[in-house]
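Good morning, and thank you for coming. I should like to take you through one structure, beginning with a pair of helices and moving on to the strands.

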Amino acid sequence: MAPSLWKYYTKEQTQDFLLSLHLTENLTHTPTAEMALLYALANHADEHYEKISIPKRNGTKRILHAPDSVLKYVQTQILRQVLREFPVSGYACAYQKGISLRSNAFPHQAQKLVLKLDIQDFFDSISYISVYQHGFPCERIPDSVRTLLAHLCCYKDRLPQGAPTSPYLSNLVMKPFDEYMGNWCRVREIAYTRYCDDMTFSGDFHPKEVLKKAEGFLNRLGFELNHKKTRICSQKNRQEITGIVANEKLQVPKNYRRRLRQECYYIRKFGLENHLSHIEYTGDKQKYLQRLLGKIQYVLQINPEDGEFCEWKRWITNSFFIHD
């Protein structure tokens, strides 16, 4: 439907459109109650978030704003009933089913040069108007409904990191950039992928030219680069992309594999009980083993042909888990 046709929708028809999305299903039982709840949440969204501080590896803290149970339910319905109807760019590798860290690193395997760029304050840089314009297209949704949905997904006119709708919305907001940069790079035989706020370019190119092109477009969208995290890596250096080394074949970093190999070796040599006593682990043994298997599975997800860790997985599974 063309956007101009929405103006012929009556108030009742617009309300029917909104109700057809079933955003408060199981929370309300009448159309009047549903409309009242949605507008109450949209008008007072700031009151329905909890601030959460999570420590990061570099010693700083990541601030999340998590919605309460009612708003979270409505946002989850928006994600299911509305947002997933709109495809994101194929260059976006985060927050998508069937797409992994390996998918993000694979196009950059064994390349002459890797350029890594990072967007400063990614989620907090995405404004209400960007969510309104890119998250809820005018061709598909009446303006008044777009306004309501955008308010339901924003916190203080910004995209909150912690809401279930935010990851998918971030990909929709970045779609114009992804498509433009992806096509620009393809013509020049440069590989491009983006994983949340991390952008990776690889091939044989001039880094300053790519950086200037990307930064100019990002600035027009309201983003800024975090130049402290800009990295240019030749094949002589470790080309690590979202935690995966891609110089020759995709592989988890050597230190990670060494520590994991050592952990498995100690269990086999000294026994599980003695190993756990030595590291002063007092938690549940099965949970420890599940976490260990998870680490091994991560290594194999990145490099399924790693024979050593295939054997460790087989040994731990056969030694400590009962099969029907």
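Let us begin where two helices meet: Thr14, Phe17 and Leu18 of α1 are in contact with Ser144, Val145 and Leu148 of α6, contact being heavy atoms within 4.5 Å. Sorted by class, this contact of α1 with α6 holds four nonpolar, two polar and no charged residues. Here Ala, Val, Leu, Ile, Met, Phe, Trp, Tyr, Cys and Pro count as nonpolar, Asp, Glu, Lys and Arg as charged, and the others, Gly among them, as polar.

Before going further, please note that this is a predicted model, in which local features need pLDDT of at least 70 and side-chain atom pairs count only at pLDDT 80 or more, while totals for chains, interfaces and linings use all residues. Residues are numbered from 1 along each chain as its sequence is written, and side-chain values use heavy atoms, leaving out hydrogens and water.

Helices (H or I, at least four residues) and strands (E, at least two) are DSSP runs, numbered from the N terminus. At what angle do α1 and α6 pack? Helix α1, residues 11–19, packs against helix α6, residues 143–153, at about 40°, and their axes are 9 Å apart. Axes are lines fitted to C-alpha atoms, for helices over the stretch in contact, and angles run from 0 to 180 degrees between N-to-C directions. The angle therefore makes α1 oblique to α6; under 35 degrees counts as roughly parallel, over 145 as roughly antiparallel, 65 to 115 as roughly perpendicular, and the rest as oblique.

We now turn to the strands. Strands of a sheet pair through backbone hydrogen bonds, either parallel or antiparallel. Four strands form an open sheet here, in the order β4-β5-β3-β6, with antiparallel pairing; two strands pair if DSSP finds at least two bridges between them. Because β4 (191–195) and β6 (231–234) stand at the edges with a single partner strand each, one side of each has no neighbour in the sheet. From one strand to the next, the twist averages 15°.

Within this sheet, six bridges pair β3 (residues 113–118) with β5 (residues 198–203), and Leu117 stands opposite Met199 in β5. Helix α7, residues 166–187, packs on the sheet and touches β4 and β5, its direction making about 170° with that of β4. Helix α8, residues 207–220, lies across β3, β5 and β6, at about 25° to β3.

Finally, strands β1 (residues 49–55) and β2 (residues 61–67) run antiparallel, joined by seven bridges. Lys51 stands opposite His65 in β2.
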